[in-house]
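Visitor: Please choose one part of this structure and look at it closely, keeping the description connected. I would like to know how each term is defined as it comes up.

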Amino acid sequence: MTPLLEIRNVSCRFGALLAVNKVSLQVAKGELLGLMGPNGAGKSTLFNLIAGVLPPTAGEIVFDGKSITDCKPYDVARIGIGRTFQIPKPYRQLSIVENVMLTAFLREKTTAGARRIAEETLADVGLADYMGTPINALTVGLLKRLEVARALAMRPKLVLFDEIMAGLTPTEVGSMTKFVAGLPARGITVVWVEHVLYAIMKTATRMVVLNRGEVIAEGAPAMLARAPAVVKAYLGEEMDFA
Ligand SMILES: Nc1ncnc2c1ncn2[C@@H]1O[C@H](COP(=O)(O)OP(=O)(O)OP(=O)(O)O)[C@@H](O)[C@H]1O
Ligand SMILES: [Mg+2]
C-alpha cells in the first residue's frame, strides 16, 4: 500500500552540522509511529522539514502521493499535516478559543464555523472549562493541550506531536496518552516524538530511533527497548515498560 508519508533520503545541514542525515522512513495510514532519540538527534528538525519550516538540503518528502519537498508551512497544513511545537507558541494577546480558530480557518471560512470547530476541539482535548482563561494563566499541561487542539482543529490527516508530555503530571500523561492512542481510529495518523518513554512505548505501533541525524533502529517498541544500539545511544539500560 502507498504510504501516507514518505521521507526519502532527506538531509538538513546547518553549516558544518548535518542535523538530519539521509533519513528515509515511511508512515502508513492509521499508524501511530513513535520517534525517539537523544537530545540533538534531529527529531524536531525532521518535523520542521516535513512541515515546510525548513527546506531539506537533499532528498524528497511525499505526502498522500504528492511531493511536498518545496511546500511552505501554510500549504503543508492545508493539505493535511498538523503539528505541535516543542515550545508552545500561543498568541498571548488572543483568547484560547481564538488561538484554535486560527488553525480552524484552514478548513472553515466563516467565523462562526471556525469558532464552532475551535470549541469542539478544545472540548475534545479536555479544555472545555478553560475557554475563558487567559493564556498566561495556563499551566504547562494545559498549554500542551492547547497545542494539540491547534494541531487538530485544522482537521489533519497526519499530525506531528513534538514532546507533548514534557512537563505534565503523571495523571495528565495518562489522560493525554489515552487521547493520542485513540486518534488513529478517528482517521488521524500520528508521528509522535517523545522523551516520556513509558507513554510512547506503550502506545506506538512502531518506533524509529534517531541518533546524530541518522535512523539507527526501527521496529516494535518491545524489540527496541532491548536493542543494543538503542540502549547504547539513548536508553542507557534495557527498558521494561510493560
Ligand atoms: N535552526 C538551527 N540552526 C542551527 N542548528 C540547529 C537549528 N535547529 C537545530 N539545530 C541543531 O541541530 C541538531 C538537531 O536539533 P533538533 O532540535 O532537531 O534535536 P532534537 O532531536 O529535537 O532534540 P531534543 O530532544 O533536545 O528536542 C542540534 O545539534 C541542534 O542544535
Ligand atoms: Mg526536539
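Guide: Helices and strands are taken here as DSSP runs, numbered from the N terminus, with H or I over at least four residues making a helix and E over at least two making a strand. The structure is a predicted model, in which local features need pLDDT of at least 70 and side-chain atom pairs count only at pLDDT 80 or more, while totals for chains, interfaces and linings use all residues. Residues are numbered from 1 along each chain as its sequence is written, and chains are lettered from A and ligands numbered from 1 in the order in which they are written.

The part to look at is the surroundings of ligand 1, to which strand 2 (17-27) and helix 1 (43-50) each supply at least two residues. A residue is counted as near the ligand if its C-beta atom, placed from the backbone, lies within 6 Å of it, and by that rule the shell consists of Phe14, Leu17, Ala19, Gly37, Asn39, Gly40, Ala41, Gly42, Lys43, Ser44, Thr45 and Gln86. Helix 1 gives the largest share, 3 residues. By character the shell divides into 4 nonpolar, 7 polar and 1 charged residue, where Ala, Val, Leu, Ile, Met, Phe, Trp, Tyr, Cys and Pro count as nonpolar, Asp, Glu, Lys and Arg as charged, and the others, Gly among them, as polar.

Helix 1 deserves a longer look. It is largely enclosed by the rest of the structure, because 7 of its 8 residues are buried; a residue is buried if 20 or more other C-beta atoms, placed from the backbone, lie within 10 Å of its own, exposed if 12 or fewer, and partly exposed in between. The buried residues of helix 1 are Lys43, Thr45, Leu46, Phe47, Asn48, Leu49 and Ile50, and Lys43 and Thr45 also belong to the shell around ligand 1. Just after the helix, glycine 52 takes a positive phi of about 80 degrees.

From the helix we can move to the sheet. Two strands are said to pair if DSSP finds at least two bridges between them, and on that basis 4 strands form an open sheet in the order 2-1-4-5 with antiparallel pairing. Strand 2 and strand 5 (66-67) are its edges, each pairing on one side only. Helix 1 packs on this sheet and touches strand 1, strand 2 and strand 4, its direction making about 65 degrees with that of strand 2. For such packing, residues are in contact if their C-beta atoms, placed from the backbone, lie within 7 Å, and axes are lines fitted to C-alpha atoms, for helices over the stretch in contact, with angles running from 0 to 180 degrees between N-to-C directions.

Within the sheet, strand 1 (residues 5-14) and strand 4 (residues 58-63) run antiparallel and are joined by 5 bridges, and serine 11 has alanine 58 of strand 4 as its bridge partner. Strand 2, which also contributes to the ligand shell, contains lysine 22, a residue with a positive phi of about 50 degrees although it is not a glycine. Lysine 22 counts as partly exposed because it has 14 C-beta neighbours inside 10 Å.

Terms used: Two residues are in contact if their C-beta atoms, placed from the backbone, lie within 7 Å.
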